[in-house]
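Please walk through this protein with its bound ligand, starting from the strands and ending at some single residues. The text below goes one region at a time.

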Amino acid sequence: MRILFLVHSFNSLSQRLYCDLTARGHTVSVEFDVADSVAEEAVALFAPHLVIAPFLKRAIPASIWSRHVCLVVHPGIVGDRGPSALDWAIREGESNWGVTVLQAEAEMDAGPVWASAEFALGRRKKSSIYRNEVTEAAATAVLQAIERFQAGDFVPRPPGREARGRLRPLMGQEERRIDWEADDTATVLAKLDAADGFPGVADRLFGEPCRLFDGAPEARLRGRPGALLARRESAVCRATADGAVWLGQARPERPEACKLPLALAFPQALELPAAPLPGWWRADHPTWQDIAYEEAGEPGRAVGFLAFEFYNGAMGTDQCRRLTAAFRWAATRPTRVIVLQGGADFWSNGIHLNVIEAAESPADESWANINAIDDLAEAILNCGSHLTIAALQGNAGAGGCFLARAADLVWTRAGVMLNPHYKNMGNLYGSEFWTYLLPPQVGADGARAIMRHRLPMTAGEAVDLGFYDACLPGPAAAFRVDVARRALELAAAPDFPGRLAAKAAKRARDEAEKPLSKYRHEELNEMRRNFYGFDPSYHVARYHFVSKSPPSWTPRHLAIHRDLGWVKPV
Ligand code: COA
């Protein structure tokens, strides 16, 4: 079938559905929601059998839904309506939630239901639930809806009286407001979680209005409710009525300000008492810790697990430097294998575009950041003492995809979305040794195709192409268990010394043929031009990305109905 996606942006959920549907032989084209007339034009050009709105903030125009079946993905259970579906579910402590695929009609989210899927709703950030449970449920429900549509005999029905869901209004800032004197830690975290990603919780820090994001519990620090107690790296600890929470990110309500690690948004935070953790070991109590190390297995054949939970997978200069230090330290431990676990939602999305945008010289900060991430990649590539595994539980984008490839093995959870290309960010050339790492895995032509296509890739596709090594099924918790088991097996395998020796020999051969420093130099020469050259494309693209400018056109590689060679179906 020809399926047209109408989207606000090509976000991870839309990308997942795009990959799932194209893998099943459907021809999918995408149009961004720029204006009703543009959507109408897309429908006229593409003549779709079906229109799907996986992530749309406005209603589909009647001129389209009255003539075509349009399926809307709503992140709520059957009967639920309104723009704050997940926010209310989290705030009200629902234990089960779902996704409904319904047909667009005059009344928003009120049309007949084609399919739905439910999931257990944990106590987590909204953004994380959206990227995991909602995305999985949406994939299931959309595929079922399409099967029913193709079968031709399914009659979708409006939600019946027995439906648990109901219409709920937009959750405003008044409902989200934290009362620091009265709210306990659980309430504060539920408020922060329900607003995470967007819109955040309106509050004040250091006398200035701002939005707060990225809450985490703190088990030990205590103080007068509302008081700022301490700082750790870029996060700040604030007392609640019965304990304390960490705040990781904030966006000051100033023009042009973006979401930043809190101590960068508010440098006054640096004057708070420091509350460092002793070393890299995972703390034995709930607290904020962005880099955490653990070990498992018998002495002599143990495995080290290095997790790095960086908000949104963005890795700033400081984070890259600290992670490099942690990795080098992990490589001194009496273990055999190091598993680079990344974070729960993202493994890495490359350099930190928000921190760069906010810097006094974005070009200089870009340069420092790419060098810091390259240092990390080089440390992983040159690690002769251990076998390394990148275990992608969450998504990866741009430089993050290649940084993972610096490990000896890359294992990824089925369901993870990858965007192994840089061009969408103003034609960035990219670094992280991709020119060294990619061609041996996928061939020179394959490498060029991946970079040029600018399209998302599923974990399965990455393994089929030879880019990554394994795609492991199951949800995140099962993936972590599976990775640990396989890593321990690898560490205990009789051929471990041989594998380590073979790795060292290969690195030496490669180095003799062309040193890593040369690859790095060549890539960074191109990057220098991106950062400091006459073409401002990267700076412009970064500005629009960080400031979330509404789309004004659909990229040509997504809108195939706008291809020059596209022949309108009759
Ligand atoms: N730096 C800073 N923030 C980043 C980031 C980066 N490199 N990559 C993603 N983010 C942020 C987004 O701004 C968004 O912020 P929010 O919390 O305000 O919503 C959040 O992470 C999630 O990103 P989003 O684009 O909504 O997620 P997605 O899963 O739909 O898309 C990507 C993932 C990777 C395709 C997309 O985020 C992207 O293109 N990122 C930029 C990658 C890049 O070019 N890096 C620099 C070159 S190495």
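In this predicted model, strand β1, residues 2-7, pairs with strand β3 in the parallel sense, and the pairing runs over three bridges. One point to look at is Ile3, which stands opposite Leu50 in β3. On β1 itself, five of the six residues are buried, so that the strand is mostly covered by the definition that sets buried at under 20% relative accessible area. β1 also has a second partner, strand β2 (residues 27-32), with which it pairs in the parallel sense over six bridges. There, Arg2 has Thr27 of β2 as its bridge partner.

Strand β3 spans residues 50-53 and is covered on both faces. Leu50 and Ile52 lie on one side, Val51 and Ala53 lie on the other, and all four are buried. Besides β1, strand β3 pairs with strand β4 (residues 70-74), in the parallel sense and over three bridges. In that pairing, Ala53 stands opposite Val72 of β4. Put together, β3 is paired with β1 and with β4, while β1 is also paired with β2.

The ligand comes next. Which residues are closest to it? The shell around the ligand holds 23 residues, and the closest are Ser12, Lys259, Asn312, Ile351 and Leu353. By residue class, the shell divides into eight nonpolar, twelve polar and three charged residues.

Some backbone atoms come close to nitrogen atoms of the ligand. A polar backbone atom of Asn349 is 3.1 Å from a ligand nitrogen. For Ile351, a polar backbone atom is 2.8 Å from a nitrogen atom of the ligand. For Leu353, a backbone N or O atom lies 2.9 Å from a ligand nitrogen. On its own, the ligand has 870 Å² of accessible area, and the protein covers 85% of that. Two elements give two or more residues to the shell, namely helix α1 (12-23) and α10 (353-358).

Helix α1 also contains Ala23. Is Ala23 buried or exposed? Its relative accessibility is 61%, so Ala23 counts as exposed. Measuring from C-alpha to C-alpha, Ala23 is 29 Å from Leu121 in space, with their positions 98 residues apart in sequence.

Now the cysteines. How many disulfides does the structure hold? The number is zero. Why does Cys258 form no such bond? Its closest cysteine sulfur is in Cys210, and the two sulfurs are 14 Å apart, which is too far for a bond; a disulfide would need the pair to be within 2.5 Å. Cys258 is buried, with a relative accessible area of 7%. Cys320 is in no disulfide either, and the nearest cysteine sulfur, in Cys401, is 15 Å away. Cys320 has a relative accessibility of 0% and therefore counts as buried.

Some backbone details are also worth checking in the model. The peptide bond that joins Phe198 and Pro199 is cis, with omega at about 5°. Pro199 sits in the loop between α7 (185-194) and β7 (201-205).

Asp109 has a phi near 60°, a positive value in a residue other than glycine. Where is Asp109 found? It is in the loop between β5 (96-103) and β6 (113-120). With a relative accessible area of 14%, Asp109 is buried. A positive phi is also found at Phe433, where the value is near 65°, again in a residue other than glycine. Phe433 lies in the loop between β20 (417-419) and α13 (434-453). At 0% relative accessibility, Phe433 counts as buried.

The last stop is Thr185, in helix α7. Thr185 is buried, and its relative accessible area is 14%. Which side chain does the side chain of Thr185 contact? It makes a polar contact with the side chain of Thr240, at 2.8 Å.

Key. Residues numbered from 1 in each chain as written. Predicted model: local features only at pLDDT ≥ 70, side-chain atom pairs only at ≥ 80, totals over all residues. Heavy atoms only, no water. Buried < 20%, exposed > 50% of the residue type's maximum accessible area, 1.4 Å probe, protein only. Pairing = 2+ DSSP bridges. Near = heavy atom within 4 Å. Polar contact = N/O pair within 3.5 Å; in protein donor to acceptor, adjacent residues only side chain to side chain. Areas by Shrake-Rupley, 256 points an atom, 1.4 Å probe, with all protein chains shown as cover. Nonpolar A, V, L, I, M, F, W, Y, C, P; charged D, E, K, R; others polar.
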